[in-house]
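Work through the following exercises with the sequence and the model side by side. Try each task before you read its solution.

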Amino acid sequence: MEKILEILEGCCPGVDFETETALIDNGILESLDIVMIVGELSDEFGIEITVDDLTAENFNSAEAIFNLVNKLKEEE
Amino acid sequence: MSVNGAYFLLFLLISAVFYYAAPKKIRWFVLLCASVTFYLLNGIKAGLYLLATALFTYLASLLLGKKPSVADGEDPASVKKRDKRRKRAILAPALIINFSVLGVLKYGGFFVTTVNTLIGRTAIPLPSFILPLGISFYIFQTSAYLIDTAKGKYPPEKNPLKYLLFVCWFPQMVQGPINRFDLLSGQLYAGSPLDWENIRTGLLRMIFGILKKAAVADALAPFVADVYSNYQSRSGGVILLGAALYCLQLYCDFSGGIDLLCGASQLFGIKMSENFRQPYFSTSLADFWRRWHISLGEWMKDYLFYPIALSKRFAKITKFAKKHMSPGSAKRVTPCIATFIVFLAVGIWQGPGWQNIAYGIWNGTLMSLGLIWAPVGARIRKRLNGRTAAVPLLIWGIIRTNVIVVIGRYFSNSSSLTQAFTMLGRTFSFAPSGDPKYTLAAYFDTFMTVRLAVACGLLIFISALKEKGIDPIESFCRKKWYVQFAVLSVCLVIIVIGIYANSNYVPISYVYENV
């Protein structure tokens with residue numbers, strides 16, 4: 001989780017990823033941010049995040065992103 | 001049939017009467033009949049193109065939605081893989097064919113002209129295709145439907161007539177918005193009950209749309225058209241004014257049309273996707289594109305930007321960038337390139353011609369630079385947060401964005417790249433007027449200026465309300481009857497004067513009607 005928070009803060013400084021739970025719904029993360037985050041996560045954890053995974057549920061909070069990464073790691 | 005004319009209002013009235021008189025179960029069929037009638041009134045040939053697209057994408061979607069056959073003992077992962085390959089083998093040619101129709105009809109002439117120019121002779125005769133009404137919109141809409149069906153986002157619609165209604169729902173046929181199947185189809189097929197609130201909201205929105213179009217867009221059109229036609233003899237200042245007023249004209253034309261047609265759709269209890277969110281209040285170019293032509297932006301994001309940016313090829317580019325650049329810069333390379341490609345596509349979508357490609361390059365380059373600049377901007381904003389400088393920074397953001405947008409419109413409304421550059425050159429060299437008889441008063445007499453000022457004042461007031469999160473229609477409906485009467489009277493007077501006080505008034509087609 002710490003690594004994920006580090007990646008998120010590196011891509012979008014100034015966003016409170018520890019408490020925010022509507023990153024997509026409230027328009028805090030834009031498509032450009034998401035692509036940067038996906039690139040970093042894929043690189044760091046060796047997973048493949050596809051367009052189908054880009055849903056609000058998967059990206060609304062750091063925890064949701066953490067769960068997505070774990071799910072994809074298990075599938076790998 | 002022009003959607004601005006009285007015939008359209010009559011058409012709406014008849015359709016609404018039949019719709020609400022019909023049993024709920026077959027109301028969708030009334031909508032289909034109305035939509036087909038509307039489209040055929042705009043041309044039989046165009047109707048055939050639409051029908052062909054609807055039939056082709058319907059059959060393709062049925063193939064895409066077919067469940068995979070599973071052999072005894074076959075591993076689920078291998079079934080999934082096989083099904084993915086099968087769907088790709090159907091989807092790719094289906095999309096190519098769908099977009100080829102658009103490509104040939106819309107860009108065939110431009111392509112032939114370019115080839116002939118390069119060769120230096122008329123090797124290929126110039127084709128003359130008809131451009132069916134709303135072709136860009138329905139091709140984009142049906143392509144999104146095919147991609148979503150392939151992904152299993154929703155099952156394909158089995159009833160061909162219901163699917164045809166989704167494709168040709170008449171309020172979306174003139175200039176969009178590009179509706180999504182999962183958001184629109186349920187409303188189309190359900191058969192809405194008669195709800196006076198929907199009728200009232202729909203009618204008010206239609207009046208506002210007509211006000212924008214007739215009192216602002218069409219009033220500015222003659223001046224703007226003169227500037228873009230006679231740019232060689234207009235002064236730099238007049239050209240700048242023409243480009244700036246073109247932005248206002250285009251906004252009132254496009255969003256006015258969307259208001260009119262979303263209002264018309266709401267008469268039947270059907271809410272279409274929103275296309276605008278006060279774009280000229282944007283504080284950055286990225287913000288502008290999130291507020292302008294939203295349904296196209298969302299389409300580009302979901303079906304072009306993400307697939308490109310997350311492709312394996314782009315992952316390789318990121319890896320290469322990480323080896324040769326600082327980590328902060330490397331992670332921005334992929335989004336920058338994908339953004340540039342998307343805006344190039346937006347430029348091409350605008351229409352054939354190098355000036356439109358230049359328009360895409362202008363926006364794509366600035367958006368990409370904005371992404372590179374983003375960390376610096378974020379640091380500045382963080383430092384200024386809560387201080388008095390934050391407000392000037394906001395105002396500066398709005399001014400800077402509007403300047404960028406105005407410069408972009410030198411390209412998008414020109415008929416050639418040379419014209420756009422000549423106009424820019426005359427503006428920035430403060431070129432004097434080449435026509436001593438030319439005067440702005442010919443276009444803006446006192447009467448016209450007052451009318452425009454009142455309409456624009458109303459427009460800014462409503463936009464400011466929306467920006468604050470207040471629904472202007474809801475707020476209007478809560479006012480006393482005499483306030484409502486006064487506001488509606490002012491609107492109607494402006495519309496009527498706009499149309500009838502000008503003996504030369506000719507209703508002008510919507511700018512994006514033939515895109």
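## Exercise 1: Two unusual backbone angles

Phe430(B) is exposed, with a relative accessible area of 71%, where exposed means over 50% relative accessible area, buried under 20% and partly exposed in between, computed with a 1.4 Å probe on the protein chains only. The model is a predicted one, in which local features need pLDDT of at least 70 and side-chain atom pairs count only at pLDDT 80 or more, while totals for chains, interfaces and linings use all residues. Residues are numbered from 1 along each chain as its sequence is written, chains are lettered from A and ligands numbered from 1 in the order in which they are written, and side-chain values use heavy atoms, with hydrogens and water left out.

**Task.** Find where Phe430(B) lies, and determine whether His293(B) is buried or exposed.

**Solution.** Begin with the backbone: Phe430(B) has a positive phi of about 50° although it is not a glycine, and Phe430(B) sits in the loop between helix 16 (417-428) and helix 17 of chain B. Helices here are DSSP runs of H or I with at least four residues, numbered from the N terminus. Next, turn to His293(B), whose phi is also positive, at about 45°, although this residue is not a glycine. His293(B) belongs to the loop between helix 10 and helix 11 (294-309) of chain B, and with a relative accessibility of 3% it counts as buried.

## Exercise 2: The two sides of a helix

**Task.** Check the length of helix 1 of chain B, and then work out which of its residues are buried and which exposed residues lie on the face turned away from them.

**Solution.** First, the expected span is 1.5 Å times one less than the number of residues, so the 16 residues of helix 1 (residues 6-21) of chain B should span 22 Å, which agrees with the 23 Å between its end C-alpha atoms. Second, the buried residues of helix 1 of chain B are Phe8(B), Phe11(B), Leu12(B), Ser15(B), Ala16(B), Tyr19(B) and Tyr20(B). They cover an arc of only 145° around the axis, and therefore lie on the same side of helix 1 of chain B; the arc is taken from the directions from the helix axis to the C-beta atoms. Third, the face turned away from this buried side carries the exposed residues Ala6(B), Tyr7(B), Leu13(B), Val17(B), Phe18(B) and Ala21(B). Finally, the cover over the buried residues includes helix 2 (27-41), helix 8 (196-229) and helix 9 of chain B.

## Exercise 3: Inside the core

**Task.** Which residues touch the most other members of the largest nonpolar core?

**Solution.** A nonpolar core is a set of buried Ala, Val, Leu, Ile, Met, Phe, Trp, Tyr and Cys residues joined through side-chain atoms within 4.5 Å. The largest such core has 162 residues, of which Trp169(B) and Phe268(B) touch the most other members. Its largest share, 15 residues, comes from helix 9 (residues 236-266) of chain B. To see the surroundings of one of these residues, take contact to mean heavy atoms within 4.5 Å: beyond its neighbours within four places in sequence, Phe268(B) is in contact with residues including Leu12(B), Tyr19(B), Leu31(B) and Trp169(B).

## Exercise 4: Where two chains meet

**Task.** How many salt bridges cross the interface of chain B and chain A, and where do the partners of one such pair lie?

**Solution.** Start with the extent of the interface: 17 residues of chain B are in contact with 18 residues of chain A. The two chains bury about 1700 Å² between them, 68% of it on carbon and sulfur atoms, buried area being the accessible area (1.4 Å probe) that two parts lose on being put together, summed over both. A salt bridge is a side-chain nitrogen of Lys or Arg within 4 Å of a carboxyl oxygen of Asp or Glu, and the rule finds four across this interface. In one of them, the closest N and O atoms of Lys322(B) and Glu40(A) are 2.9 Å apart. This pair runs from helix 12 (residues 312-324) of chain B to helix 2 (residues 31-45) of chain A. Lys322(B) is partly exposed, with a relative accessible area of 27%, whereas Glu40(A) is buried, at 17%.
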